[in-house]
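Student: Please pick one small part of this protein and take me through it slowly, then show me what sits around it. I'm new to this, so explain the terms as you go.

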Amino acid sequence: MVKENLQLVEQNIISACEKSGRDRSEVTLIAVSKTKPVSLIEEAYDCDIRDFGENKVQEINEKYPVMNKDIRWHLIGHLQRNKVKYIIDKVALIHSVDSVRLAEQIQHEAEKANVIMDILVQVNVANEDTKFGLKPEETEDVIRTISKFPNIRIKGLMTIAPFTDNPEDNRPYFKNLKQLAVDIEEKNIDNVTMDCLSMGMTGDYQVAIEEGSTMVRVGTGIFGERNYNKN
Ligand SMILES: *Cc1c(COP(=O)(O)O)cnc(C)c1O
């Protein structure tokens, strides 16, 4: 099932790239494996997927030791400061940095572990009360502050668009995030690039790619519906 799903997702990515005149190589597919067992992750791995997304520190810590070391783990969920130390040497990219305080903690742990941590800054482009993320208008200031941290490299922006049945509803939010990235890039802030735009999930990744996404985070479309009630 994972294999067939991945083929379909791949085709959708290719057609979104063609439609918007982009090269397939500009878009990374992150398979969001949260709540899913290692056996399914291995199926995706066997189809050459190397980027996996998780939203819980504990789950990364359970899966990391038993999976191949060439996997790039992406932390895509809200990160508590006291948990940074558990993932600092395991994840390739933290997508969900939404405060200077969290960045300070990442700096502290990255320095101790002697690593440079790549991060994205999460922006709440739709201004939803229920979502984490910075307001668009405060994003540049926060980035300027974090850019001074020597063990952190800011690689771009991430957003979680509203849940909707019609992906076209989210096109304006994706456009806004892209524009914000372009505006910040133009400021030429030291230690900051806007190469990565993490936007688009199962319901809207094609629209997100048409609007410039470089990382789509697809869970349900690859692994099927999640069941949160099994413990
Ligand atoms: C769960 C999750 C996804 C994947 O959602 P699907 O709709 O299953 O594709 C993407 N991004 C974040 C931040 C998530 O928490």
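Tutor: Let's start with Arg50, which lies in the loop between H2 and strand E2 (51-54); helices (H or I, at least four residues) and strands (E, at least two) are DSSP runs, numbered from the N terminus. This is a predicted model, where local features need pLDDT of at least 70, side-chain atom pairs count only at pLDDT 80 or more, and totals for chains, interfaces and linings use all residues. Residues are numbered from 1 along each chain as its sequence is written, and side-chain values use heavy atoms, leaving out hydrogens and water.

Arg50 counts as buried because its relative accessible area is 19%; buried means under 20%, exposed over 50%, and partly exposed in between (1.4 Å probe, protein chains only). The side chain of Arg50 also makes a polar contact of 3.2 Å with the side chain of Asp70. For a polar contact, two N or O atoms lie within 3.5 Å; within protein, one must be able to donate a hydrogen and the other to accept it, and residues adjacent in sequence count only if both atoms are side-chain atoms.

Now step back to H2 itself. Helix H2 (residues 38-46) gives 3 residues to a negative patch, the most of any contributor. That surface patch gathers Glu4, Glu42, Glu43, Asp46 and Asp48. Patch members have over 30% relative accessible area and no salt bridge (a side-chain nitrogen of Lys or Arg within 4 Å of a carboxyl oxygen of Asp or Glu), with like charges joined within 9 Å. Glu4 comes from helix H1 (residues 2-19) and is partly exposed, at 48% relative accessibility.

Note on methods:
Patches are made of residues with over 30% relative accessible area and no salt bridge: like charges are joined within 9 Å, nonpolar side chains (Val, Leu, Ile, Met, Phe, Trp, Tyr) within 5 Å. Accessible areas come from the Shrake-Rupley method with a 1.4 Å probe; for residues, only the protein chains shown count as cover. Lys and Arg count as positive and Asp and Glu as negative; His and the chain ends are not counted. The place of a charge is taken as NZ of Lys, CZ of Arg, CG of Asp or CD of Glu.
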